[in-house]
Amino acid sequence: MANVNITIDGKALSVPAGSTILEAARSNGIRIPTLCFLKELDPRASCRLCVVEVEGARTFQHACAAKVREGMVVHTDTEAVRASRKLTLQLLLSNHAVDCHHCLRIGSSKCDDLDPKFCEMCFFCDCVKDGFCDLQALAREYKVDLLPFAQKHNSLPIDQSSVIVRNPNKCVKCRRCVDVCGAVQTVHNLAASGRGCELTIGPAFGKPMAESACIGCGRCVQVCPTGAIFAREHKDALVYYAHREGVKTAAMISADLIPELERVLHRAPGSVTLGEIAGALKKIGVDAVFDAAEAEEAAKARAEALLDAKLSEGRPVILSGSFAAKAFLEKNFPDKKDSFLFYDSAIAVFGRAAEGFDKRFAFGPIGGDAMECEKTGCVDLAVNPRELARILIRTGAEPNPKRRAECESLGLPKASGKYGKLLDKAEWKMDREPEVFEQGGLKCAVCHNLSEARRVLSGEEAFDLIRVIA
Ligand code: SF4
Ligand code: SF4
Ligand code: SF4
Ligand code: FES
């Protein structure tokens, strides 16, 4: 694609024609704040946080949606732009159930001289997203310490019917969840209803999540920038069981926890180890800690054995180790049910292997794990990295090189790898191309989200093995 010449903040740039101002800025190391934008989805341009000044334009432009033009001159951080963003934040927070200290640390606050890390984690804030919230981070950046408008304290009911909790009083109507549930997962469970100030986001016909079409993939939780939709947390229960005399507890920890823990704990990338997390959990009283890699290998070994048998019955085989993918496939492709092969997830494998413990905790990335655990009871609590960070900080058990522990072994079977990368650990991704490859004479497709899966399963191309990740 041809390039166009533009100037952003005085920097002369040559960028691909057709890119947005935001793409051009980001690819050249210039930061423009965003709230509703997700790079994998079409821009909604609804939050107004990314506004910039373009010379010759009569109004501010949304950098996430406005395309670059030859000769365009853009200013991303003028006084007027900053004032506009601050006003937007003030308006958002005026219509928001603020349960965190987004502002009190700024200016003459009683918390002012405290360590910012402590502030994010202290007991006075009441929102699960405190310290991890895009809106809070922007409010701090733009020093939104006073709200000049009458505050509208919404008290819409909080939907706690499912492990995925919705608090509409903290929703900024960015619609990331709507798009991820609709365009990426093709479940279309979430939508906007009402107008203007009365607009709410939730399942159709105002149904609670537990009675909605939700399959429990947890992707809306992953993309929500605020505390409006989140997986139910268990901090107090976990600490209670871990401490309690006579309750034997086991935890499974995954290396996926490390990047988020490092971010929250302000540690350098690569400086936190699995051994340190194991040591920290032992400090709060967890009796045995296991590495998720072992359970993943065992889940893979079990899937290999099941696949051998299933392939002898015919093809294609449509396989998944995900609870949400199973719900999706059974609902949308009942005609293909003879091809389905569902194997246990690593969490389920761990849960079974650790049955001798009174309480089993699975620590892993934010996703559908919490729903899987709730529905299948395979472990007692699923804990995401945010929650783990809070537990460790609040109990004074932060990962510490001086306090390491070896992960114990459950002695589980190992996979042979005969299906190549088909059964390897694979992440859910929003980009929509399936990964296609040959393995041992079998044509395989790995679908990284449910719209990919729907396309492959409804398409003309024939595959022997189709793996679905939800
Ligand atoms: S959603 Fe964000 S801004 Fe709102 S109360 Fe929670 S942490 Fe604070
Ligand atoms: S958990 Fe998945 S299916 Fe349920 S509402 Fe969220 S994105 Fe949609
Ligand atoms: S629930 Fe979260 S992701 Fe969905 S519109 Fe509200 S703030 Fe955005
Ligand atoms: S990020 Fe551009 S309008 Fe929200």
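**View 1. Helix 2 and helix 4 lie oblique to each other in this predicted model.** Here we look at helix 2, residues 79–94, where it meets helix 4, residues 134–141. Their axes come within 10 Å and cross at roughly 130°. Angles over 145 degrees would count as roughly antiparallel and 65 to 115 as roughly perpendicular, so this pair ends up as oblique. As for hand, the crossing is left-handed. Helix 2 brings Arg 82, Leu 89, Leu 92 and Leu 93 to the contact, while helix 4 answers with Leu 135, Leu 138, Ala 139 and Glu 141. Sorted by class, that makes six nonpolar residues and two charged ones, with no polar residue in the contact.

**View 2. Helix 8 meets helix 14 at an oblique angle.** This one takes us to residues 257–264, which form helix 8, and residues 385–394, which form helix 14. The two axes come within 9 Å, and the crossing angle is roughly 50°. Roughly parallel would need an angle under 35 degrees and roughly perpendicular starts at 65, so oblique is the word for this pair too. The crossing is right-handed. On the helix 8 side, look for Leu 257, Glu 260, Leu 261 and Val 264; their partners in helix 14 are Pro 385, Arg 386, Leu 388 and Ala 389. The class count for this contact is six nonpolar, two charged and no polar residues.

**View 3. A shell of 14 residues sits around ligand 1.** Which of them come nearest to the ligand? Those are His 96, Cys 100, Cys 127, Cys 133 and Gly 227. The shell as a whole is a mix: six of its residues are nonpolar, four are polar and four are charged.

**View 4. Ligand 2 has a shell with no charged residues.** Cysteines to pick out around this ligand are Cys 181, Cys 214, Cys 217 and Cys 220. Also around ligand 2 are Ile 164, Val 187, Leu 190, Met 209 and Ile 215, along with Asn 189 and Gly 218. By class, the shell comes to nine nonpolar and two polar residues.

**View 5. Two domains are assigned in the protein chain.** Domain 1 covers residues 3–77. Domain 2 is put together from two stretches, 308–344 and 415–468. How far apart do the C-alpha centres of domain 1 and domain 2 lie? The distance between these centres is 39 Å.

How values were computed:
Residues are numbered from 1 along each chain as its sequence is written. Chains are lettered from A and ligands numbered from 1 in the order in which they are written. This is a predicted model: local features need pLDDT of at least 70, side-chain atom pairs count only at pLDDT 80 or more; totals for chains, interfaces and linings use all residues. Side-chain values use heavy atoms; hydrogens and water are left out. A residue is near a molecule or strand if one of its heavy atoms lies within 4 Å of it. Ala, Val, Leu, Ile, Met, Phe, Trp, Tyr, Cys and Pro count as nonpolar, Asp, Glu, Lys and Arg as charged, and the others, Gly among them, as polar. Axes are lines fitted to C-alpha atoms, for helices over the stretch in contact, and angles run from 0 to 180 degrees between N-to-C directions. Helices (H or I, at least four residues) and strands (E, at least two) are DSSP runs, numbered from the N terminus. A crossing is left-handed if the near helix is turned anticlockwise from the far one by less than a right angle, and right-handed if clockwise. Contact means heavy atoms within 4.5 Å. Domain bounds come from an automatic or database domain assignment.
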